[in-house]
Amino acid sequence: MKFADAPASPADRMTGGGPVKRWSFSTLDNFEACPKRVWFRTVQRVKVPPNDAMMRGNRVHDGLEKYLRGQVDFPDAALSEVAHVQFWLERLAPWRGLAIMEPRWGLDATWAPTGWWDDETWLWAKPDLVGLDIHDPAGSELTIVDFKTGKSYGKQLKHMRQLLVYAAAALSRYPSVQTFSLHVWYIDEKDDSLDRQIDRGAVQSFRARIHAQGMALTSETEFPATPSPRVCNWCDYRDVCDDAWRKTK
Ligand code: SF4
């Protein structure tokens, strides 16, 4: 397998051949929890209305985005729901007007950039905030931030893996970048963040591993259920799933 930074053959561009043509980190996370979830969501397209926590998270993200784009001086009503709003606004202030907000990165199976809806797009990555270090004219450091609402407890490993997928997706878009500065900011928890600096070589190694996992997802045709109390109790499809854990007991 050759990635975008080396000459790629047509075979390299082959995707998995299963019914899921494109994946994102959340698709992979669901697939690893229970493949049948992905069958409901992506193959059958079973719609689930957003719950209160999701709607609040969307409102807070929108408020932060408007603030960072310079569209509002003080955040609108959405950010009044954040207990430590002043702390986070001060932390965000250096990025106002400079950050790229929610870029939509499509990539093919060699991790070369594509348009979001291009036929060959295999992976979708959409970080909340991306910015080159303004003090580094060579553009050798890239900051990637994701904002999270809710509690961080027990989710840090998953969240950092998500940031690593974004860094892997940035490799071909930012060839001069040598260091990735990755941050998960837990907006509901004052001064709580997950921070990691990682060099380009380490991101390339990670990309090789996550590539195999993305290929397994896009090759899957059976989508077996893997019920357990831990995954089914938090599953959006438990009311419609015949394999849901509580129904088999
Ligand atoms: S309810 Fe359980 S078995 Fe069914 S899709 Fe969800 S996680 Fe999988």
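**Entry 1: Thr149**

I started with Thr149, which lies in the loop between S6 and H5. I kept in mind that this is a predicted model. Is Thr149 buried or exposed? I found 19 C-beta neighbours inside 10 Å, and since buried begins at 20, Thr149 counts as partly exposed.

Next I looked up its contacts, leaving out residues up to four places away in sequence. Thr149 touches Arg56, Gly57, Val60, Ile187 and Asp188. I also checked Asp236, which is 87 residues from Thr149 along the chain; their C-alpha atoms are separated by 19 Å.

**Entry 2: helix H3**

Val60 led me to H3, because Val60 is listed among that helix's buried residues, with Gly63, Leu64, Tyr67 and Leu68. Do these sit on one face? Looking down the axis of H3, I saw the buried residues fall within an arc of 130 degrees, so they line one face of the helix. A reminder to myself: an α-helix has 3.6 residues a turn, so residues three or four places apart point the same way.

What do the buried residues of H3 pack against? I noted helix H4 (85-92) and three strands: S1 (100-101), S5 (129-132) and S6 (141-148).

I then checked the length of H3, which covers residues 52-68. At 1.5 Å a residue, its 17 residues should span 24 Å, and the end C-alpha atoms are 24 Å apart, which agrees. Just after H3, I came upon Gly70 with a positive phi of about 80 degrees.

**Entry 3: the sheet**

Since S1, S5 and S6 had come up under H3, I followed them into their sheet. It is an open sheet of 5 strands in the order S1-S5-S6-S7-S8, with mixed pairing. S1 and S8 (193-199) stand at the edges, each with a single partner strand, so one side of each is left without a neighbour in the sheet.

I went through the pairs in turn. S1 and S5 run antiparallel and are joined by 2 bridges; here Ile100 has Val130 in S5 as its bridge partner. S5 and S6 are also antiparallel, with 4 bridges, and Gly131 is partnered by Thr143 in S6. S6 and S7 (residues 179-186) pair in the parallel sense over 8 bridges. Phe147 stands opposite Trp185 in S7.

**Entry 4: helix H1**

For H1 (residues 25-33), I wrote down Phe25, Thr27, Leu28, Asn30 and Phe31 as buried. What covers them includes H2, H5 (156-170) and H6 (200-219).

**Entry 5: around the ligand**

Which residues are closest to the ligand? Of the 15 that surround it, I found Cys34, Cys232, Cys235, Cys241 and Ala244 to be the closest. The elements giving two or more residues to this shell are H2 (35-43) and H7 (229-232). H2 supplies the largest share, 3 residues. By type, I recorded 11 nonpolar, no polar and 4 charged residues.

**Entry 6: two positive phi values**

I finished with two residues other than glycine that have positive phi. Trp111 has phi near 70 degrees and sits in the loop between S2 (105-107) and S3 (113-114). With 27 C-beta neighbours inside 10 Å, Trp111 counts as buried.

Phe223 has phi near 50 degrees, and I found it in the loop between H6 and H7. Phe223 is partly exposed, with 19 other C-beta atoms within 10 Å.

Technical notes:
Residues are numbered from 1 along each chain as its sequence is written. This is a predicted model: local features need pLDDT of at least 70, side-chain atom pairs count only at pLDDT 80 or more; totals for chains, interfaces and linings use all residues. The expected span of a helix is 1.5 Å times one less than its number of residues. A residue is buried if 20 or more other C-beta atoms lie within 10 Å of its own, exposed if 12 or fewer, and partly exposed in between; C-beta atoms are placed from the backbone. The arc is that of the directions from the helix axis to the C-beta atoms. Two residues are in contact if their C-beta atoms, placed from the backbone, lie within 7 Å. A residue is near a molecule or strand if its C-beta atom, placed from the backbone, lies within 6 Å of it. Ala, Val, Leu, Ile, Met, Phe, Trp, Tyr, Cys and Pro count as nonpolar, Asp, Glu, Lys and Arg as charged, and the others, Gly among them, as polar. Two strands pair if DSSP finds at least two bridges between them.
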